[in-house]
Number of protein chains: 2
Amino acid sequence: MPGFGIDAIHQAARRLTGHVVRTPLLNSPVLDDLVGARVLVKAECLQLTGSFKVRGALNALLTLDEDVRRAGIVAYSAGNHGQGVAAAARLAGCPAVIVMPRHAPRVKVDNCRWWGAETVLYDPRTEDREEIARTIVQARGMTLIPPFDDPRVMAGQGTVGLEIAEQAREQGLTPDTVLVNCSGGGLAAGVITALGHALPGLAHHIVEPAGFDKMARSLAAGRVCANPRPPGGLMDALSGPVAGARPLAVLRPYDVTGLTATDEEALAAMGTAHRLLKIVLEPGAAASLAALLSGKVDVRGRTVALVASGGNVDPAVYRRAVAD
Amino acid sequence: MPGFGIDAIHQAARRLTGHVVRTPLLNSPVLDDLVGARVLVKAECLQLTGSFKVRGALNALLTLDEDVRRAGIVAYSAGNHGQGVAAAARLAGCPAVIVMPRHAPRVKVDNCRWWGAETVLYDPRTEDREEIARTIVQARGMTLIPPFDDPRVMAGQGTVGLEIAEQAREQGLTPDTVLVNCSGGGLAAGVITALGHALPGLAHHIVEPAGFDKMARSLAAGRVCANPRPPGGLMDALSGPVAGARPLAVLRPYDVTGLTATDEEALAAMGTAHRLLKIVLEPGAAASLAALLSGKVDVRGRTVALVASGGNVDPAVYRRAVAD
């Protein structure tokens, strides 16, 4: 694929160094005991903006020509991608516009504004966010940063995989299994490409909300599939309507197994991460850990890497996860 | 002081490398904005056992002669020190006995046992924990590991300070202010010695529960002081009855400012750490961040390092900290 592959991921790593956090690869002996495997948790909740999204956004931005970059970037997202794009723009010193639904949580709007982005609120019942973004792109010469279906974005997310390989090596470990949370597939495509290159023979798993496994179905069908309806559950970070065409094309050559997690399993995994790892996860970010803890895949005796992809969680949801 | 100083801390660092976690030095631009300073958070909640305590315990253990070590170690603690000693013993492959009150939370007893330690439960109304520990030491040839009043323990905790200096340098930063949570003073003595050596001119602050600032009063009086009564609040990690004589002797030559935090301020700081840093803190571990956030010290424009010393928190207390 033009612009994407292991070389593009290495280039992205060079671009991002010093701008984003090299998040730790955490381990808990108690968690290992619970799962029956060595579990390495890439804590992207500790990334700037509380999720991995700033990696892809900043890589995409830094590949733009200087004059294009100066005009700024646009994203439509009420979630982690919006904050990632806002932060990337601030880090690169260019303007950003984030298009968000009028009912988006106040804190998400405020976060984007804190990073210096302009927010444009729309009514999802009567307006089309893509059309609004297109209008801004045309009127102001800005560049749209897609959330996942983009080689530069996938390459940025792939730096998570490079770091997992490096940090495991520093700890004297060789992962033989990886689990990645998956929605559009940008993170999964990037991480599996990076790790598949560093660790041949690795078993690849993507994890999606139960009943809404659009990427697993896309891989089985050999074409992009959509969810039957919006998931509407707790895992909003994994609730996009459709799998990405480019991520699907990247993942197809790999032997990828699709796993799922329910909301209850994700809440339990958030509680386990709280108790044993002392990190704050959002439900969608806990999907991989949930799949492991609820025995969706046999990893006994293996060395498993997983991406804890974000920590932007509603307080009321978090309180449910932290049970007595 | 025999056995303690910057050289002892460097020796401890060499002993501990590969056994304990080099925890990350976290930063949040939003937190920086809130405080008006660059804030570097040493996340010892991500340490093995969820607190820094394993560092001092393991350093003390590894300085013992082989045959003494093989006989094992003893601690009396219902808290983080007990878990730290249990984990240190497991890492070094020797037995451990943890003496705990009968009413200690089940999870703390279970954690010590998970690490392979034997637990001895006593009735604090009728029995004396020091006497019980002494009996075990004599009968079984084991070595008592004190929680703070010990040069080897202080040296182990000092490795937190070495890492702060190294990690700040890696980020191109030079802290000019440090805040350390303080109870007996082992962590404060170690960190301030390590950082005072690496960063001359550093402003040193210890943070204690409001009304129970035994170390600040000890520093002012030039002798060991006790708290008027047990604090009984949420900051159990900072609730020991008396300041350590050796930590006091180490801290006296420094110009140390005593700060305090209330339970409510600690809860608010836990919420801020949750929201902006995505780490789980216990109330006592949030004291330094609480002092910063509630403006107990003017740090505008400065580069502040603080130790987020642990994350072993009661679920009900944590739910109070995670407000809407």
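**Close-up views of a predicted two-chain model**

**View 1. Helices α1(B) and α3(B) meet through a few side-by-side residues of chain B.** B:Ala12, B:Arg15 and B:Leu16 of α1(B) are in contact with B:Arg55, B:Leu58, B:Asn59 and B:Leu62 of α3(B). By class, these residues are four nonpolar, one polar and two charged. The model shown here and in the other views is a predicted one. Helix α1 of chain B covers residues 6-16, and its axis lies 10 Å from that of α3(B), at an angle of about 90°. Angles of 65 to 115 degrees count as roughly perpendicular, so α1(B) is roughly perpendicular to α3(B).

**View 2. Helix α3(B) also packs against helix α5(B).** Two packed helices are described by the angle between their axes and the distance between the axes. For α3 (residues 53-62) and α5 (residues 80-92) of chain B, the angle is about 45° and the axes are 8 Å apart. The two helices are therefore oblique to each other. The crossing of α3(B) past α5(B) is right-handed. On the α3(B) side the contact is made by B:Lys53, B:Val54, B:Ala57, B:Leu58, B:Leu61 and B:Leu62. The residues on the α5(B) side include B:Asn80, B:His81, B:Gln83, B:Gly84 and B:Val85. Over the whole contact of α3(B) with α5(B) there are 11 nonpolar residues, four polar and one charged.

**View 3. Helices α8(B) and α9(B) form a contact without charged residues.** Helix α8 of chain B runs over residues 151-170 and helix α9 of chain B over residues 186-198. Their axes are 7 Å apart and make an angle of about 45°, which means that α8(B) is oblique to α9(B). Helix α8(B) passes α9(B) in a right-handed crossing. Among the contact residues of α8(B) are B:Val153, B:Met154, B:Gly158, B:Gly161 and B:Ile164. Those of α9(B) include B:Gly186, B:Leu187, B:Gly190, B:Val191 and B:Thr193. Sorted by class, the contact of α8(B) with α9(B) has 13 nonpolar and six polar residues.

**View 4. Domain 1 and domain 2 of chain A touch each other.** The domain assignment places residues 6-51 and 150-321 of chain A in domain 1, and residues 54-144 in domain 2. The C-alpha centres of the two domains of chain A are 24 Å apart. Domain 1 of chain A gives 23 residues to the contact, and domain 2 of chain A gives 14 residues. On the domain 1 side, α1 (6-16) and α8 (151-170) of chain A each supply at least two residues. The largest share of that side, eight residues, is from α8(A). The side of domain 1 of chain A that touches domain 2 of chain A has nine nonpolar, 10 polar and four charged residues.

**View 5. Chain B meets chain A.** The contact joins 19 residues of chain B to 19 residues of chain A. Helix α14 of chain B, residues 315-321, contributes the most to the chain B side, with four residues. The chain B side that touches chain A comprises 13 nonpolar, three polar and three charged residues.

**View 6. The two copies are related by rotation.** A turn of 180° with a shift of 0.0 Å along the axis lays chain B on chain A with an RMSD of 0.0 Å. The copies are thus related as by a two-fold rotation axis. Both copies use the same surface, since 100% of the contact residues of chain B recur in chain A. In chain B, the residue closest to the rotation axis is B:Ile279, with its C-alpha at 2.3 Å.

How values were computed: Residues are numbered from 1 along each chain as its sequence is written. Chains are lettered from A and ligands numbered from 1 in the order in which they are written. This is a predicted model: local features need pLDDT of at least 70, side-chain atom pairs count only at pLDDT 80 or more; totals for chains, interfaces and linings use all residues. Two residues are in contact if their C-beta atoms, placed from the backbone, lie within 7 Å. Ala, Val, Leu, Ile, Met, Phe, Trp, Tyr, Cys and Pro count as nonpolar, Asp, Glu, Lys and Arg as charged, and the others, Gly among them, as polar. Axes are lines fitted to C-alpha atoms, for helices over the stretch in contact, and angles run from 0 to 180 degrees between N-to-C directions. Angles under 35 degrees count as roughly parallel, over 145 as roughly antiparallel, 65 to 115 as roughly perpendicular and the rest as oblique. A crossing is left-handed if the near helix is turned anticlockwise from the far one by less than a right angle, and right-handed if clockwise. Domain bounds come from an automatic or database domain assignment. Copies are superposed by least squares on the C-alpha atoms of residues with pLDDT of at least 70 in both.
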